[in-house]
Amino acid sequence: MTRSTEGSLPQFPAGFLIGSATAAYQIEGAANEDGRGPSIWDTFSRTPGRVVGGDTGDVADDHYHRLEQDLDLMSELGLQAYRFSISWPRIQPTGSGAVEPRGIDFYSRLADGLLARGITPIATLYHWDLPQALEDAGGWPARDTALRFADYAAVMGEALGDRVAVWTTLNEPWCSAYLGYGSGSHAPGRTDGAAALAANHHLNLAHGWALQRLRDAVTNHEAQYSITLNFTGLEAVDDTSEEAIERIDALAHRSFLDPLLHGRLNERLVRDTAVVTDWSFVHDGDLEDIQQPIDVLGVNYYYTTGVRMWDGRSERSVDDGHRAAAGSPWPGSEHVEFIPPAGERTAMGWGISPDGLEHLLVSLAQEFPDLRLMVTENGAAFDDVEVDGRVHDRQRVDYLARHFWAAERALARGADLRGYLVWSLLDNFEWGWGFGKRFGIVRVDYETQRRIVKDSGRWLAALIAAQSPGT
Ligand code: FCB
């Protein structure tokens, strides 16, 4: 029995923010409205075979037209913080130059609506929807894209810099680089390991340059700056696992943590990828530019997996938790095998390991003792059933409760954790999986756009309500 089923709820320190997260392309819809330009996800999702069921974000949750209603929903749940992303092609339809005022107006109304309801706005500048025009000019493997991103960051800093509490430059740049350009399971769907590694570097550079421009533009002196990375728990399964863990940790985590927070390239990463690239895209001075001070590190955590080296004899297990595609997201380490743990799984096939979250937060706190941490995403897809207007998603409640308890243990062990945002507020477009995977704490009926608060939404509301006043 887990503690969640006992009905008690964890208590967090004063000021700890409990809320929920979404991303623009996954919920907004209105893909061709108010001057929005096409993004790589429009192109990708409209290409047959790329997304399960041919789903696209054209309508999604129609959030763009239902902003007030969705804000009221957040208020009903008592959310203390809401993490949203800004669609770059709504702001700059071709990724550079002229700014679309109607795009700015939408996010301005969103920020105002949050503040009016006492909800802290946490904005992400980039959650994967690169303007298509920039992909046509080379995309993230091209250095110029990082410069364009810094310009866009300055535009947003000026527009919302008086209202946003936490600015996040990039969401999960690993996915942008390695799923977008390596495996090809995400937009733009390229399968070129060298391009993925160049994209990795240019995303880091984009973060560094954007932060400098943002800080200049933002007028709220209390604003905090961050980046959100995705972390996969890695476990040993045999005596080859140590090498496998080092390889995957280098590609998945050190590829970002080391440049961003230590100002250096990871040696292991450079060595393991030498067969793919010579890293000549790293210029003098880049690492200084990348290592900008941040206030908070955003942590996205979903699952833990076993890894080991492939022996070349048995069939290679490639289920690394991401949708299989033509290429590999692990350039230079394609011979690592992924062995998902036995036991419970979510509808994504991901193993459930709250201890992995505790371990991750504690180890990040040890490595970066001065950095605040925030869980910017955690949650689970399950095959929900709606009965008479209710969704009794017991498994999701259990998943969330166990992970919140894990966060509480990490706090007790000294991690400076400042908040926890559940993925996701609404069922939405789950990238290559389309609408079939539901992560929401609120169900969306895609036929009618009706919202139904699931039991997990009620549970989150109860958790927030149970915090001591002042939190
Ligand atoms: C993360 C993404 C988010 C959502 C969840 C399930 O990798 O940041 O948009 O798709 O996974």
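## The ligand and its site

The ligand occupies the largest cavity. The model described here is a predicted one.

Eleven residue names make up the surroundings of the ligand: Gln-26, His-127, Trp-128, Asn-171, Glu-172, Tyr-302, Glu-377, Trp-423, Glu-430, Trp-431 and Phe-439. Sorted by class, this shell consists of five nonpolar, three polar and three charged residues. Among the residues around the ligand are Trp-128, Trp-423 and Trp-431, and Glu-172, Glu-377 and Glu-430 also belong to the group.

## Polar contacts and cover

Several side chains place a polar atom beside an oxygen atom of the ligand. For Gln-26, a polar side-chain atom is found 2.8 Å from a ligand oxygen. In the case of His-127, an N or O atom of the side chain lies 2.8 Å from an oxygen atom of the ligand. The side chain of Trp-431 likewise has an N or O atom at 2.9 Å from a ligand oxygen.

On its own, the ligand has 290 Å² of accessible area, and the protein covers 95% of this area.

## Val-375 in strand β8

Strand β8 spans residues 372–377, and Val-375 is part of this strand. Is Val-375 buried or exposed? The relative accessible area of Val-375 is 0%, and the cut-off for a buried residue is under 20%; Val-375 is therefore classed as buried.

Val-375 may also be considered together with Ala-407. In sequence, these two residues are 32 residues apart. In space, the distance between Val-375 and Ala-407 is 8.7 Å, taken from C-alpha to C-alpha.

Conventions:
Residues are numbered from 1 along each chain as its sequence is written. This is a predicted model: local features need pLDDT of at least 70, side-chain atom pairs count only at pLDDT 80 or more; totals for chains, interfaces and linings use all residues. Side-chain values use heavy atoms; hydrogens and water are left out. A residue is near a molecule or strand if one of its heavy atoms lies within 4 Å of it. A polar contact is a pair of N or O atoms within 3.5 Å; within protein, one must be able to donate a hydrogen and the other to accept it, and residues adjacent in sequence count only if both atoms are side-chain atoms. Accessible areas come from the Shrake-Rupley method with a 1.4 Å probe; for residues, only the protein chains shown count as cover. On a 1 Å grid over the protein atoms alone, a cavity is a set of points where a 1.4 Å probe fits but cannot get out, and a pocket is an open set with protein on both sides within 12 Å along at least five of seven lines; lining residues have an atom within 4 Å of a point. A molecule sits in a cavity or pocket if more than half of its atoms lie within 2 Å of its grid points. Ala, Val, Leu, Ile, Met, Phe, Trp, Tyr, Cys and Pro count as nonpolar, Asp, Glu, Lys and Arg as charged, and the others, Gly among them, as polar. Helices (H or I, at least four residues) and strands (E, at least two) are DSSP runs, numbered from the N terminus. Buried means under 20% relative accessible area, exposed over 50%, partly exposed in between (1.4 Å probe, protein chains only).
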